[in-house]
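These are my notebook entries on a protein model, written down in the order in which I looked things up.

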Amino acid sequence: MSALSTGSPLNSLREAVCSQPSLMARLVWLAGLRDLGTGIYHHPATGLERRATDRLLRGLHEESFRAWLRCRPHEQAADLDLYLSALECGKAKAVDNWLRLEPYHALVPGSVTRAERRWFVARVEALLEQFAAELGIDASSVESRCPDTYLTTEQLGHWLKVPVRTLRHWAEVGEIPGIKLGRQWRFSERQLRAWLQTACQPSSRQRLAPAKYPGPLRLPP
């Protein structure tokens with residue numbers, strides 16, 4: 001745990017957070033100060049009353065989380081790479097462990113929206129899969145043990161902040177991976193992560209729907 005300076009508790013906490021080498025390191029450090037059972041943040045060196053400490057650390061956690069979300073895709077990739085590469089076990093082992101154990105779920109502040117949570121998890125998982133491919137790590141065995149989640153058109157629209165009508169059109173013309181069950185569409189989170197990774201490449205002209213898919217899989221009603 002980082003030592004705090006002798007200044008005011010607020011300044012000391014901010015200095016301790018800012019001393020972390022990456023935003024992801026900040027999230028890991030701050031999440032480690034939170035009791036997962038109660039959701040309360042603790043730091044014995046602040047010298048503050050318990051509620052005040054919780055309020056300060058909670059605010060810093062939310063601030064750091066949203067700062068990571070505001071980063072551009074290539075900045076998020078560089079930030080996560082910096083954190084994983086600095087771990088004692090090495091980047092390859094860290095990527096493999098994160099794929100298997102999924103510790104990034106515990107880095108999300110409890111106060112954020114479901115859409116923010118989904119976006120963070122999707123981005124981290126897409127980057128881990130990218131790193132795994134670059135390092136020659138077989139992520140398929142890990143994926144096969146992780147059940148996929150399917151979203152409705154409304155849930156996907158809320159997540160991506162895209163009108164439902166637009167999503168239906170993209171699905172119909174094969175610009176986004178989806179499965180049609182009768183008149184209803186369902187979207188695999190796993191496939192969407194891969195789609196978003198492609199869409200968010202700096203060289204991509206379109207941030208959404210960057211490439212045509214062969215066509216949707218249609219199942220009988």
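Entry 1, alanine 78. I began with alanine 78, which I found in helix 4, the helix made of residues 73–86. I looked up how well this residue is covered, and since its relative accessibility is 46%, alanine 78 counts as partly exposed, because that class lies between the limits of 20% and 50%. I then followed alanine 78 to leucine 127, and noted that 49 residues separate the two in sequence, while their C-alpha atoms are 9.8 Å apart in space. I should keep in mind throughout that this is a predicted model.

Entry 2, the whole protein. Stepping back, I counted 10 helices and four strands in the protein, and I wrote down their order from the N terminus as α-α-α-α-α-α-α-β-α-α-β-β-α-β. The protein has 221 residues, of which 43% count as buried. I also looked up the surface, and the protein exposes about 12000 Å², with 53% of that area supplied by carbon and sulfur atoms. Among the contacts with a separation of 6 or more, 63% come from residues that are 24 or more positions apart.

Entry 3, helix 5 against helix 6. Before looking at this pair I reminded myself that two packed helices are described by the angle between their axes and the distance between the axes. Helix 5 covers residues 91–101 and helix 6 covers residues 114–135, and I noted that their axes come within 10 Å and cross at roughly 135°. That angle makes helix 5 oblique to helix 6, because an angle has to be over 145 degrees to count as roughly antiparallel. The crossing in which helix 5 passes helix 6 is left-handed.

Which residues make the contact between helix 5 and helix 6? On the side of helix 5 I listed Lys91, Ala92, Val95, Trp98 and Leu99, and on the side of helix 6 I listed Val124, Leu128, Glu129, Phe131, Ala132, Glu134 and Leu135. Sorting the residues of this contact by character, I arrived at nine nonpolar, three charged and no polar ones. I also checked which residues of helix 5 are buried, and these are Lys91, Ala94, Val95, Asp96, Trp98 and Leu99.

Entry 4, two residues with positive phi. Just after helix 5 comes glutamate 102, whose phi is positive, near 55°, although glutamate 102 is not a glycine. I placed glutamate 102 in the loop between helix 5 and helix 6, and with 27% relative accessibility it counts as partly exposed. Lysine 161 is not a glycine either, and I noted a positive phi of about 60° for it. Lysine 161 sits in the loop between helix 8 (153–160) and helix 9 (164–173). Is lysine 161 buried or exposed? Its relative accessible area is 61%, so lysine 161 is exposed.

Entry 5, leucine 167. My last stop was leucine 167, which lies in helix 9 and is buried, with a relative accessible area of 0%. Setting aside the neighbours within four places in sequence, I found leucine 167 in contact with Thr153, Leu156, Gly157, Leu160, Val162 and Ile176. I also looked up how leucine 167 stands to tryptophan 185, and although 18 residues separate them along the chain, their C-alpha atoms are separated by 9.6 Å.

Definitions and conventions: Residues are numbered from 1 along each chain as its sequence is written. This is a predicted model: local features need pLDDT of at least 70, side-chain atom pairs count only at pLDDT 80 or more; totals for chains, interfaces and linings use all residues. Side-chain values use heavy atoms; hydrogens and water are left out. Axes are lines fitted to C-alpha atoms, for helices over the stretch in contact, and angles run from 0 to 180 degrees between N-to-C directions. Angles under 35 degrees count as roughly parallel, over 145 as roughly antiparallel, 65 to 115 as roughly perpendicular and the rest as oblique. A crossing is left-handed if the near helix is turned anticlockwise from the far one by less than a right angle, and right-handed if clockwise. Contact means heavy atoms within 4.5 Å. Ala, Val, Leu, Ile, Met, Phe, Trp, Tyr, Cys and Pro count as nonpolar, Asp, Glu, Lys and Arg as charged, and the others, Gly among them, as polar. Buried means under 20% relative accessible area, exposed over 50%, partly exposed in between (1.4 Å probe, protein chains only). Accessible areas come from the Shrake-Rupley method with a 1.4 Å probe; for residues, only the protein chains shown count as cover.
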